[in-house]
Amino acid sequence: MPTFDPAPSLRIWAVEAEIAGTPIRIPPLPASDWLPVLMANHPLDVLNIAECDIDQLLGPEGVNADDLEGVLGDMIERATGRSLWSVLFLAVAAKEHWHAVGGDLARMGVRWDRISIGAALDAIYCSLARGMDDKAIKHFHSLLDRQDTPEVVATRHVGPLPATGEQYVTGEQVEKIKNL
């Protein structure tokens, strides 16, 4: 069973960090602002919603991109209460299956502009898991519990994905895995 901190689901929070003396702040934003950024599947895209001096971060004396990605990944984890892997996995799975997930959650009255990103990920998880049998849900949980970053998983040699898992990975990730 995937683990998460329920606090980020209860309220919309600001998240702050500092890297190389430069403060980074993500203001308290609803899921409608967070989700498109997370669906892009790259932690650096969080700079699009962050308040920071990007010129100072990325300028000639700027920080290393890997260090910046690590700080932003940590901010995502604190804002959502989940591992970076599970956040991006759920966001990408929702994007790939938005025709079903979006409709399902709209029918239930989810207001993306009024809920936290943690609550949105809770809703996405429930929507995706609702129709799964025991075997599929067990596999789904094993995928969510991974501790790797999406980039590491995509480059690691793995066997073919089971049919129940392939539907939860983006087409690009499936192709990378199949081409290993």
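A residue counts as buried here when its relative accessible area is under 20%, and as exposed when that figure is over 50%. Keep that cut-off in mind, since much of this walk through the structure leans on it. One caution before setting off: this is a predicted model.

Let's start with the whole chain. It holds 11 helices and 2 strands, and reading along the sequence gives the pattern α-β-β-α-α-α-α-α-α-α-α-α-α. Of the 180 residues in the chain, 47% are buried. Take the contacts between residues at least 6 apart in sequence: 67% of them join residues at least 24 apart.

Now for the inside. In soluble globular proteins, nonpolar side chains tend to be buried together. In this chain, the largest nonpolar core has 50 residues, and the ones with the most contacts inside it are Ile24, Trp34, Ile117, Ile124 and Phe140. Two or more residues apiece come from E1, E2, H2, helix H4 (65-80), H5, H6, H7 and H8. Which element gives the most to this core? That would be H5, with 9 residues.

So H5 deserves a visit. This helix runs over residues 84-96, 13 residues in all, and reaches 18 Å from its first C-alpha to its last, close to the 18 Å expected at 1.5 Å a residue. H5 is mostly covered, with 11 of its 13 residues buried. Among them are Leu84, Trp85, Leu88, Phe89 and Val92.

Move on to helix H6, residues 98-107, and the buried residues are Val101, Gly102, Asp104 and Leu105. Around the axis they cover an arc of only 160°, which means they sit on the same side of H6. What do these buried residues pack against? Their partners are H5 and helix H7 (117-129). On the face of H6 turned away from its buried side you'll find the exposed residues His99, Ala106 and Arg107. Just after H6 comes Gly109, which takes a positive phi of about 90°.

Positive phi values also turn up in two residues that aren't glycines. Ala20 has a positive phi of about 50°, and its place is the loop between strand E1 (15-19) and strand E2 (22-26). Asn41 has a phi near 70° and lies in the loop between helix H2 (31-39) and helix H3 (54-58). Are these two buried or exposed? Ala20 is exposed, because its relative accessible area of 66% is over the 50% cut-off. Asn41 counts as buried, because its relative accessibility of 17% is under 20%.

Next, have a look at the aromatic rings. The count comes to 4 aromatic pairs. Trp98 and Trp112 make a tilted one, 5.6 Å centre to centre with 45° between the planes. This pair links distant parts of the chain: Trp98 is in helix H6, while Trp112 is in the loop between H6 and H7, 14 residues apart. Trp98 is partly exposed, at 34% relative accessibility, whereas Trp112 is buried, with a relative accessible area of 17%. Tyr125 and Phe140 form a stacked pair, 5.8 Å centre to centre and 15° between the planes. Since Tyr125 lies in helix H7 and Phe140 in helix H8 (residues 134-144), the pair ties together parts that are 15 residues apart in sequence. Both Tyr125 and Phe140 are buried.

Those two rings have company, too. Trp85, Phe89, Tyr125 and Phe140 form one aromatic cluster. You've met Trp85 and Phe89 already, among the buried residues of H5. Phe140 is also familiar, as one of the residues with the most contacts inside the largest nonpolar core.

Last stop: charges over rings. The charged end of Arg11 sits over the ring of Trp13, 4.0 Å from its centre. Arg82 does likewise with Phe4, its charged end lying over the ring at 4.5 Å from the centre.

Methods. Residues are numbered from 1 along each chain as its sequence is written. This is a predicted model: local features need pLDDT of at least 70, side-chain atom pairs count only at pLDDT 80 or more; totals for chains, interfaces and linings use all residues. Side-chain values use heavy atoms; hydrogens and water are left out. Helices (H or I, at least four residues) and strands (E, at least two) are DSSP runs, numbered from the N terminus. The expected span of a helix is 1.5 Å times one less than its number of residues. Buried means under 20% relative accessible area, exposed over 50%, partly exposed in between (1.4 Å probe, protein chains only). The arc is that of the directions from the helix axis to the C-beta atoms. Contact means heavy atoms within 4.5 Å. Rings of Phe, Tyr and Trp (its six-membered ring) pair if their centres lie within 6.5 Å; planes under 30 degrees apart count as stacked, over 60 as edge-to-face and the rest as tilted. A charge sits over a ring if NZ of Lys or CZ of Arg is within 6 Å of the ring centre and within 35 degrees of the ring normal. A nonpolar core is a set of buried Ala, Val, Leu, Ile, Met, Phe, Trp, Tyr and Cys residues joined through side-chain atoms within 4.5 Å.
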